[in-house]
Amino acid sequence: MEGKLNSHSVDLVVEGRCYINGIISECAIAVDEGKIVAIGKPVNMPKADSRMSVNGKRIILPGMVDMHVHMRDLEEVHKEDWYSGSLSALAGGVTFVADMPNNKPYIDSLERLKLKLNIAKRKALIDFGFYVGYPSQLKELQEMKDFGILGIKIYPTDYNKGLERLAKSCEKLNIPIILHAEDPEIIEKQHFEAERKVENHHLLRPEKAEIIAIKNLLGLLSKFKTAIHFTHISSFEAASELINAKKRGELFTWDTCPHYFFLDHSLTLKLKGIAKTNPPLRSSMSARLLSNIVYHLLIDSISTDHAPHALEEKLRDNYDEIPSGFPGLEICLPLLMKLIIDEKFPLEVLELYSSKPAKILQIPKGSLLPGLDGDLVIYDYSIRWSIHGENFYSKAKYTPFEGMEVVGKPDTVIIRGEIAWEKGEDKVKQGFGKYVRPYRSSNSELKI
């Protein structure tokens, strides 16, 4: 690498205060042909075709990695598409998203994966990868791995489809399983115990359903040597169950979302369907205790579960007709930065939204290290602003975080050495985003 650096100029050098290995220090980062090739003192950097100096109340962060989003598109472009979702991600300093399979049509086959990729390749401004749903044909798993899937997403409706058989195949092929932990039998029972209205959403899908599902899924899958990941854990009790399981030697990873440690279910009284999500928001006590778990870094990752819907869908009166979820891509980093700047969270919490999910996904992103993609976020923390959904770049212009104060915004976002976002505007064309395959996938050529 030294020979290469000494032989010619690199594409870009960015210098200023950088977040690297848990600390912020003065340094410079050299990017060439899309990769970080050197990090060190500015005086030691090679010549560059372009140089950027970051000063004032601005710091250089790695590009954020969101391992749980719903970018919609296909038959749901009215909710979000890959262009609007990319804008939302860039506004939030996110350079890579892992997209879930519950699209219309549902992504459970190689044919539908290819359809989805062709659309994302035309529109995406950011890099991306895909999960697939429980495969309609298990015999396609090898081809799906070669295609580069990040893993298989299991929903509560999949629990009775033969998870052991799937896990055995995933173990053989080294394909991760991502789990939505809510026991469907408990939820079905609760539908007879509580009135079906949005204010009772947390009662209709109680914490017990999450805890029982975690216990059952661990009991079922822990005997298989395949990576498992519990996503969007919503309650302190469920998080405690996972922490205790790790102490017993169970091997898995898990994440939660900002809305579970910032917000509570009282918002459904005020905001109705705007605050409806699955799993539901929990009690204020659960949110505080879960926040403490995040503070102590007893968690593997943070994701947003960015789940946009049309506003008129969220404002429906009928509980069963209100879709669950809300947008989150462009506010997660500012929410975390507020807690960091106000000294309520340690600086290392940034890794839960960057390097940690990148390592779980096995992709070359999320850290400012040589050999990884040149994804950088220049973050301006000089401003405080209030969240207003009407200003979102997402098509879903509403949020349960309405009016909450946060700190800072991404000033510039660089993806693979190219400026993709600057001063609130996208600087690359649709289709710039690249499909990223995990290290574990086959090296065989992708045929699309």
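Buried means under 20% relative accessible area, exposed means over 50%, and partly exposed lies in between. The model used here is predicted.

**Exercise 1.** Classify D342 and its salt-bridge partner R384 as buried, partly exposed or exposed.

*Solution.*
1. D342 has a relative accessible area of 26%, so D342 is partly exposed.
2. R384 has a relative accessible area of 44%, so R384 is partly exposed too.
3. Now the contact. The closest N and O atoms of R384 and D342 are 2.6 Å apart.
4. This pair links distant parts of the chain, 42 residues apart: R384 lies in strand β14 (residues 376-386), and D342 sits in the loop between α14 (332-341) and α15 (355-361).

**Exercise 2.** Test K272 and E199 for a salt bridge, then classify each residue.

*Solution.*
1. The cut-off is 4 Å from a Lys or Arg side-chain nitrogen to an Asp or Glu carboxyl oxygen.
2. The N to O distance for K272 and E199 is 2.4 Å, and the two side chains form a salt bridge.
3. K272 is in the loop between α11 (267-271) and α12 (284-295), while E199 is in the loop between α6 (184-190) and α7 (201-204), 73 residues apart.
4. K272 has 38% relative accessibility, so K272 is partly exposed.
5. E199 has 18%, so E199 is buried.

**Exercise 3.** Place the D127 and R416 salt bridge in its wider setting.

*Solution.*
1. The closest N and O atoms of D127 and R416 are 2.7 Å apart.
2. D127 belongs to strand β8 (residues 127-133), and R416 to the loop between β15 (405-415) and β16 (418-422), 289 residues apart.
3. Both D127 and R416 are buried.
4. Salt bridges join K35, D127, K365, D373, D375 and R416 in a network.
5. The model's count is 25 salt bridges.

Technical notes:
Residues numbered from 1 in each chain as written. Predicted model: local features only at pLDDT ≥ 70, side-chain atom pairs only at ≥ 80, totals over all residues. Heavy atoms only, no water. Helix = DSSP H or I, 4+ residues; strand = E, 2+ residues; numbered from the N terminus. Buried < 20%, exposed > 50% of the residue type's maximum accessible area, 1.4 Å probe, protein only.
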